[in-house]
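This briefing concerns the surroundings of a bound ligand and two loop residues with unusual backbone angles. Please consult the sequence and the structure shown below while reading.

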Amino acid sequence: MSNICKQFSEMIPKKVALFGDSIQRFDAPTHKESTCSIRDREFLLGRYCASKALELMGRDDGVVGQNQDGSPLWPNGTIGSITHSKGFAVAVAASSKDYQSLGIDLEQMNRLKPASIARIAHESEQKSIKDDVSRGTVLFALKESFYKAQFPIYKKKLNFKDVAFSIDFNRCEAQVQWTSSKLNVPKSVYNDWKVTFKLVENYVFVFCLFENA
Ligand SMILES: CC(C)(COP(=O)(O)OP(=O)(O)OC[C@H]1O[C@@H](n2cnc3c(N)ncnc32)[C@H](O)[C@@H]1OP(=O)(O)O)[C@@H](O)C(=O)NCCC(=O)NCCS
């Protein structure tokens, strides 16, 4: 995991702290099977990674709570995002002075069913995705990371077809092309949203950043 995280760290700005870890390493100190469910352990692992990311940015009051809507509650003056995937968790954190919001998503590349692509892809995205499951997985992760970045600002429960991206699969970048009226923002703000992704081993990691307006 440390090699994977090193590669994720290379794609994010220096002012953003990233920390990731695996359930196996997290459970290791007790040397016994935890009685908690995998979901509970992933939750704890995500919170541990979030605290570590805050520590990396010099905050020693790094407890990340949970809002009633399920979104993470970051300490005053900080923003961040958490993702888990099959026993791994990654968290990013930054100062709210530097950025408006962050969203990340980590997905395994071989888990999306071809039939799910139609559910995820907006009409304008279908031409570039077709029935390519790898591209569909990237699109899925782009939308999940975008969802997490927009939520603290707009508080919108968006569906997959409320946002459409144009994706440059060579440069590993995406740009929001369209949002539904649910988000109700002028097109000029789309340029403040930076979305990049990286494929490492069998994972795609997406980093979504909302610049300060
Ligand atoms: C919330 C959601 C984005 C989480 O994504 P996921 O791929 O299922 O799971 P991940 O492991 O990557 O992320 C889970 C973490 O997201 C964070 N999260 C949950 N709700 C959130 C919200 N409203 N805003 C920001 N972050 C949120 C939490 O930190 C959570 O981990 P925790 O419960 O341990 O704290 C997803 O479950 C969801 O509800 N998506 C809406 C569906 C959709 O239409 N998405 C795309 C629209 S653009």
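Helix 3 (38-56), strand 4 and helix 6 (133-154) each contribute at least two residues to the shell around the ligand in this predicted model. Helix 6 is the leading contributor, with 6 residues. Both domain 1 (2-104) and domain 2 (111-193) are represented in the shell, each by at least three residues.

**Ligand shell**

- The ligand is surrounded by 22 residues, of which Ser 71, Ile 82, Thr 83, Lys 148 and Phe 151 come nearest.
- By residue class, the shell around the ligand comprises 9 nonpolar, 7 polar and 6 charged residues.

**Lys 86**

- Strand 4 (78-85) and strand 5 (88-95) are separated by a loop that contains Lys 86.
- The phi angle of Lys 86 is near 45°, which is a positive value in a residue other than glycine.
- Lys 86 counts as partly exposed because it has 14 C-beta neighbours inside 10 Å, a count between the limits of 12 or fewer for exposed and 20 or more for buried.

**Glu 201**

- Glu 201 is located in the loop between strand 9 (193-200) and strand 10 (203-211).
- A positive phi also occurs at Glu 201, a residue other than glycine, with a value near 50°.
- Glu 201 counts as exposed because 9 C-beta neighbours lie inside 10 Å, and 12 or fewer is the limit for that class.

Technical notes:
Residues numbered from 1 in each chain as written. Predicted model: local features only at pLDDT ≥ 70, side-chain atom pairs only at ≥ 80, totals over all residues. Helix = DSSP H or I, 4+ residues; strand = E, 2+ residues; numbered from the N terminus. Near = placed C-beta within 6 Å. Nonpolar A, V, L, I, M, F, W, Y, C, P; charged D, E, K, R; others polar. Domains from an automatic or database assignment.
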